[in-house]
Amino acid sequence: MKTLKEFTIPFVGLKEGRHHFDYEIKKEFFDNFEYEDFNSSDLKIDVGFQKKSTLLELHFEVAGTVNINCDVTNEPYDQEIENSLDLVVNFGEEFNDENIDILILPHGEYEINIQQYIYELIVLSLPLKRIHPGVEDGTLDSDILNKLEELSPKIKDIKKDQEESDPRWNTLKQLLTDK
């Protein structure tokens, strides 16, 4: 991963108080992480940055769409994304990012790079199962869906199955109903 300068915030030169940063994320951002699940992306990131005397508070908000392929049909579609993340940056003896919500920077640091947090926020905003909206409501006409329907096992009528069952089981079933 190459560090992108536009995602580095030099907090030493900022006054105490609130600051705001806006980012527009396109597919090239994910190419930097070698993440190839997105066909395209149109995302807006709003970063609220509050500098205090002993720590920094960051609030990330992502909104927009990414074009991804459906897990069922492999058809591309636009997936809406909306998520947020809060991060507290504290200062200590050495770098520590083991906690999800707290980042500890060494005392001599003067800038923070937030591209990894933006990447994780976006990727973790995706649903686990990516299903095209047309599959869910039945409006998508796809060759893959037609083939899946053709090859899926047919559900037999339950009453027919009961009639075809072995007659020896019928006496056992009567034991359940008789008291």
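Asn74 is placed in the loop that connects E4 with E5; describe the backbone at this residue and the pairing of the two strands around it.

**Solution.** The model is a predicted one, in which local features require a pLDDT of at least 70 and side-chain atom pairs a pLDDT of 80 or more, whereas totals for chains, interfaces and linings draw on all residues. Numbering starts from 1 along each chain as its sequence is written, and side-chain values rest on heavy atoms, with hydrogens and water left out.

Step 1. The element names follow DSSP runs, numbered from the N terminus, a helix being H or I with at least four residues and a strand being E with at least two.

Step 2. Asn74 has a positive phi of about 65°, although it is not a glycine. Most residues other than glycine have a negative phi. The residue belongs to the hairpin of E4 and E5, which has six residues between the strands.

Step 3. E4 and E5 run antiparallel and are joined by 15 bridges, with strands taken as paired if DSSP finds at least two bridges between them. Within this pairing, Leu56 has Val89 in E5 as its bridge partner.

**Exercise 2.** Work out in what order the five strands of the open sheet follow one another, and on which strands the sheet ends.

**Solution.** Step 1. The open sheet has the order E2-E3-E4-E5-E6, and its pairing is mixed. Its edge strands are E2 (17-25) and E6, each of which pairs on one side only. From one strand to the next the twist averages 20°, with axes fitted as lines to C-alpha atoms (for helices over the stretch in contact) and angles running from 0 to 180 degrees between N-to-C directions.

Step 2. Beginning at the E2 edge, nine bridges link E2 and E3 (residues 38-51) in the antiparallel sense, and Glu24 stands opposite Lys44 in E3. The next pair, E3 and E4, is also antiparallel, over 13 bridges; there Asp42 faces Thr65 in E4, and a hairpin of three residues joins the two strands.

Step 3. At the other end, E5 and E6 run parallel and are joined by five bridges, Val88 standing opposite Ile102 in E6.

**Exercise 3.** Establish whether Ile25 is buried or exposed, and which residues it contacts.

**Solution.** Step 1. Ile25 is a residue of strand E2. The relative accessibility of Ile25 is 0%, and therefore it counts as buried, where buried means under 20% relative accessible area, exposed over 50% and partly exposed in between, for a 1.4 Å probe and protein chains only.

Step 2. With neighbours within four places in sequence set aside, Ile25 is in contact (heavy atoms within 4.5 Å) with Phe7, Phe30, Ser41, Asp42, Leu43, Ile45, Ile118 and Ile122. A separation of 9.8 Å holds between the C-alpha atoms of Ile25 and Ser40, which are 15 residues apart along the chain.

Step 3. Across the pairing, Ile25 stands opposite Leu43 in E3. On the same sheet packs H2, which touches E2, E3, E4 (55-69), E5 and E6, and whose direction makes about 140° with that of E5.

Step 4. H2 is itself mostly covered, since seven of its nine residues are buried. These are Gln115, Tyr117, Ile118, Tyr119, Leu121, Ile122 and Val123, and among them Ile118 and Ile122 also appear in the contact list of Ile25. In an α-helix, with 3.6 residues a turn, residues three or four places apart point the same way.

**Exercise 4.** Find where Glu34 lies, and decide whether it is buried or exposed.

**Solution.** Step 1. Glu34 is found in the loop between helix H1 (27-32) and E3.

Step 2. Its phi is positive, about 60°, although the residue is not a glycine.

Step 3. Glu34 counts as exposed because its relative accessibility is 70%. Set beside the earlier cases, Glu34 is thus exposed at 70%, whereas Ile25 is buried at 0%, and Asn74, like Glu34, takes a positive phi without being a glycine.
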